[in-house]
Amino acid sequence: ETVLKLSGIEKAYKRGLPGEVHVLRGVDLEIARGEVTALVAPSGAGKSTLLHIAGLLDQPDSGRVEIAGEPMQDAADRHRTRVRRGAVGFVYQFHHLLPEFTALENVVLPQLADGTPRRAAETRAKELLDIVGVLPRADHRPAALSGGEQQRVAFCRAMANTPKLLLADEPTGNLDPETSDRVFAALMTLVRETGLSALIATHNLELAARMDRRLHLETGHLREA
Ligand code: ADP
Ligand code: ADP
């Protein structure tokens, strides 16, 4: 079962100097169910662009995007939004948690928005927070948590609505190396325990080595490493 399929993706940014930047030049990519893939690339190579296209936040100039076998390029905006919210979870370098809510509420709220009853949402939130080791901190607001704890909560929030695909853009890039290691291990445990497929951008080769597969993005092309 293929969770994400990109075919012939082209993307150029036309504004700015020195004119057009051709970021993706015929990118093909398939991610199978349960597969965790590293996206390795130097800064500016187009990782965020690729993740945004895969996550339906941005449109390619040409090429095809399929999520769980469903072609998305000609889908209506409303439908794209529904697929993005339901099938895709995002994690960024910065946690983007809601500051006025507790860790638990941050993981509960997206489930309520998705129609899950509160009791079930709280049960799932606690299970997820437990897997990454922050359940004892569930009643704290983000400001009272360490950077690593904040990021763990963000992982749980991304997985709250049981997406099929997790897209992560340098998920531990803001943390010091030692914290980054432990927080990354927590992310991998969460992904494995939930059977999720993931595309995780990093320029940390040690972290990449722990994933199932490594893809390098260079001069607009993706190649297996
Ligand atoms: P990465 O995530 O690998 O650092 P990005 O996908 O953010 O790379 O950017 C790839 C290239 O495209 C960079 O040269 C960047 O400056 C350029 N770029 C990204 N977004 C835009 C935009 N909205 N307009 C113009 N250029 C952009
Ligand atoms: P970077 O990739 O430069 O580290 P972020 O990961 O925080 O920065 O966000 C990258 C871009 O994705 C931002 O320009 C932001 O506008 C966009 N973005 C982030 N989250 C969402 C979202 N939920 N919906 C739409 N766009 C988003």
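The legends below describe four close-up views of a predicted model.

**View 1. The surroundings of ligand 1.**
In this predicted model, the residues around ligand 1 are Tyr-13, Arg-15, Val-23, Pro-42, Ser-43, Gly-44, Ala-45, Gly-46, Lys-47, Ser-48 and Thr-49. By class, this shell holds four nonpolar, five polar and two charged residues, and helix α1 (residues 47–54) supplies the largest share of it, with three residues. Oxygen atoms of ligand 1 take part in several polar contacts, including one of 3.2 Å with a backbone N or O atom of Ala-45 and one of 2.9 Å with a backbone N or O atom of Gly-46. The side chain of Thr-49 also takes part, with an N or O atom that lies 2.6 Å from an oxygen atom of ligand 1. Taken alone, ligand 1 exposes 560 Å², and the protein buries 66% of that area.

**View 2. The surroundings of ligand 2.**
Around ligand 2 stand the residues Ser-48, His-52, Leu-57, Tyr-92, His-96 and Asp-169, which divide by class into two nonpolar, three polar and one charged. A polar side-chain atom of His-52 lies 3.1 Å from an oxygen atom of ligand 2, while a polar side-chain atom of Tyr-92 lies 3.1 Å from a nitrogen atom of this ligand. In the side chain of His-96, an N or O atom is 3.4 Å from an oxygen atom of ligand 2. Taken alone, ligand 2 exposes 550 Å², of which the protein buries 41%.

**View 3. Strand β6 and its partner β7.**
Strand β6 (residues 88–91) sends Val-88 and Phe-90 one way and Gly-89 and Val-91 the other way, and all of these residues are buried. Strand β7 (residues 165–169) pairs with β6 in the parallel sense, over four bridges. Within this pairing, Val-91 of β6 stands opposite Ala-168 in β7.

**View 4. Helix α5, its length and its cover.**
Helix α5 covers residues 147–159, and because a helix is expected to rise 1.5 Å a residue, its 13 residues should span 18 Å. The C-alpha atoms at the two ends of α5 are 19 Å apart, which agrees with that expectation. The helix is mostly covered, as eleven of its 13 residues are buried. The buried residues of α5 are Gly-148, Glu-149, Gln-150, Gln-151, Arg-152, Val-153, Ala-154, Phe-155, Cys-156, Ala-158 and Met-159.

Definitions and conventions
Residues are numbered from 1 along each chain as its sequence is written. Chains are lettered from A and ligands numbered from 1 in the order in which they are written. This is a predicted model: local features need pLDDT of at least 70, side-chain atom pairs count only at pLDDT 80 or more; totals for chains, interfaces and linings use all residues. Side-chain values use heavy atoms; hydrogens and water are left out. Buried means under 20% relative accessible area, exposed over 50%, partly exposed in between (1.4 Å probe, protein chains only). Two strands pair if DSSP finds at least two bridges between them. A residue is near a molecule or strand if one of its heavy atoms lies within 4 Å of it. A polar contact is a pair of N or O atoms within 3.5 Å; within protein, one must be able to donate a hydrogen and the other to accept it, and residues adjacent in sequence count only if both atoms are side-chain atoms. Accessible areas come from the Shrake-Rupley method with a 1.4 Å probe; for residues, only the protein chains shown count as cover. Ala, Val, Leu, Ile, Met, Phe, Trp, Tyr, Cys and Pro count as nonpolar, Asp, Glu, Lys and Arg as charged, and the others, Gly among them, as polar. The expected span of a helix is 1.5 Å times one less than its number of residues.
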